[in-house]
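Biologist: Please put the model up first, and then let us go through it by question and answer.

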Amino acid sequence: QVQLVESGGDLVQPGGSLRLSCAASGISSGIVSMGWYRQAPGKERELVARITSSGSTNYADSVKGRFTVSMDYAKSTVYLQMSRVKLEDTAVYYCYVVAWNQYWGQGTQVTVSS
């Protein structure tokens with residue numbers, strides 16, 4: 001059974017930094033990509049960043065230059081380093097992994113507020 005466990009969500013001030021982690025269990029190989037989506041209240045879920053097993057990355061325009069996605073393939077873990085956060089980054093962040101299927105984490109709350 002595949003499970004994704006996220007951690008790192010917190011309350012952070014505008015301009016601050018935060019690091020999210022997501023560890024996938026039940027997958028030891030065959031990962032195609034991992035990444036993060038987010039969903040703010042009243043809005044649809046949107047892609048934030050993703051990384052493939054070969055190291056290629058994609059970012060939403062709104063986070064380019066501020067967020068960095070990385071992956072430890074051996075640990076089946078994906079990270080999202082968030083820097084210079086803005087109020088509009090407030091959302092529930094969901095990680096996912098694509099292998100033979102796509103799996104989702106339960107979500108972690110990130111709140112940006114002064």
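Modeller: A term to begin with: buried means under 20% relative accessible area, exposed means over 50%, and partly exposed lies in between (1.4 Å probe, protein chains only). This is a predicted model, where local features need pLDDT of at least 70 and side-chain atom pairs count only at pLDDT 80 or more, while totals for chains, interfaces and linings use all residues. Residues are numbered from 1 along each chain as its sequence is written, and side-chain values use heavy atoms, with hydrogens and water left out.

Biologist: How many helices and strands does the chain have?

Modeller: Both kinds of element are DSSP runs numbered from the N terminus, helices being H or I with at least four residues and strands being E with at least two. Read from the N terminus, the elements run β-β-β-β-β-β-β-β-β-β-β. The count is therefore 0 helices and 11 strands.

Biologist: What radius of gyration does the chain have?

Modeller: The radius is taken over C-alpha atoms, and the globule rule is 2.2 Å times the number of residues to the power 0.38. Along the principal axes, the C-alpha atoms fill a box of roughly 40 × 25 × 20 Å. Because a compact globule of 114 residues would come out near 13 Å, the value of the chain agrees with the rule: 13 Å.

Biologist: What share of the residues counts as buried?

Modeller: The share is taken over the 114 residues of the chain. It comes to 41%.

Biologist: Which residues does the disulfide join?

Modeller: A disulfide is a pair of cysteine sulfur atoms within 2.5 Å, and the structure holds 1. Its S to S distance is 1.9 Å, and the two residues are Cys22 and Cys95.

Biologist: How many residues apart in sequence are the parts that this pair ties together?

Modeller: The link of Cys22 and Cys95 is right-handed, with 45° about the S-S bond. Cys22 sits in strand E3 (residues 18–25) and Cys95 in strand E9 (residues 91–98), so the separation in sequence is 73 residues.

Biologist: Is Cys22 buried or exposed?

Modeller: Its partner Cys95 has 0% relative accessibility and counts as buried. Cys22 also has 0% relative accessibility, so Cys22 is buried.

Biologist: In the largest nonpolar core, which residues touch the most other members?

Modeller: A nonpolar core is a set of buried Ala, Val, Leu, Ile, Met, Phe, Trp, Tyr and Cys residues joined through side-chain atoms within 4.5 Å. The largest one has 31 residues, and those with the most contacts to other members are Trp36, Leu80, Met82 and Tyr93.

Biologist: Which strands each supply at least two residues of this core?

Modeller: The list includes E3 and E9. In full, the strands are E3, E4 (33–39), E5 (46–52), E7 (67–72), E8 (77–82), E9 and E11 (108–112).

Biologist: Which residue in E8 is the bridge partner of Leu18?

Modeller: Two strands pair if DSSP finds at least two bridges between them. E3 and E8 pair in the antiparallel sense over 6 bridges, and E7 and E8 also pair in the antiparallel sense over 6 bridges. E8 is mostly covered, with 5 of its 6 residues buried. The partner of Leu18 is Met82.

Biologist: Which residue in the turn between E7 and E8 has a positive phi?

Modeller: Most residues other than glycine have a negative phi, and most peptide bonds are trans. E7 and E8 form a hairpin with 4 residues between them. The residue in question is buried, with a relative accessible area of 4%, and its phi is about 50° although it is not a glycine. It is Ser76.

Biologist: Where is Arg84 found?

Modeller: Arg84 also has a positive phi, about 45°, although it is not a glycine. At 49% relative accessibility, Arg84 counts as partly exposed. Its place is the loop between E8 and E9.

Biologist: How far does the backbone nitrogen of Gly9 lie from a polar atom of the side chain of Thr108?

Modeller: Thr108 is in strand E11 and counts as buried at 11% relative accessibility. Contact means heavy atoms within 4.5 Å, and beyond four places in sequence Thr108 is in contact with residues including Glu6, Gly9, Leu20 and Tyr93. The distance from the nitrogen of Gly9 is 3.2 Å.

Note on methods. A polar contact is a pair of N or O atoms within 3.5 Å; within protein, one must be able to donate a hydrogen and the other to accept it, and residues adjacent in sequence count only if both atoms are side-chain atoms.
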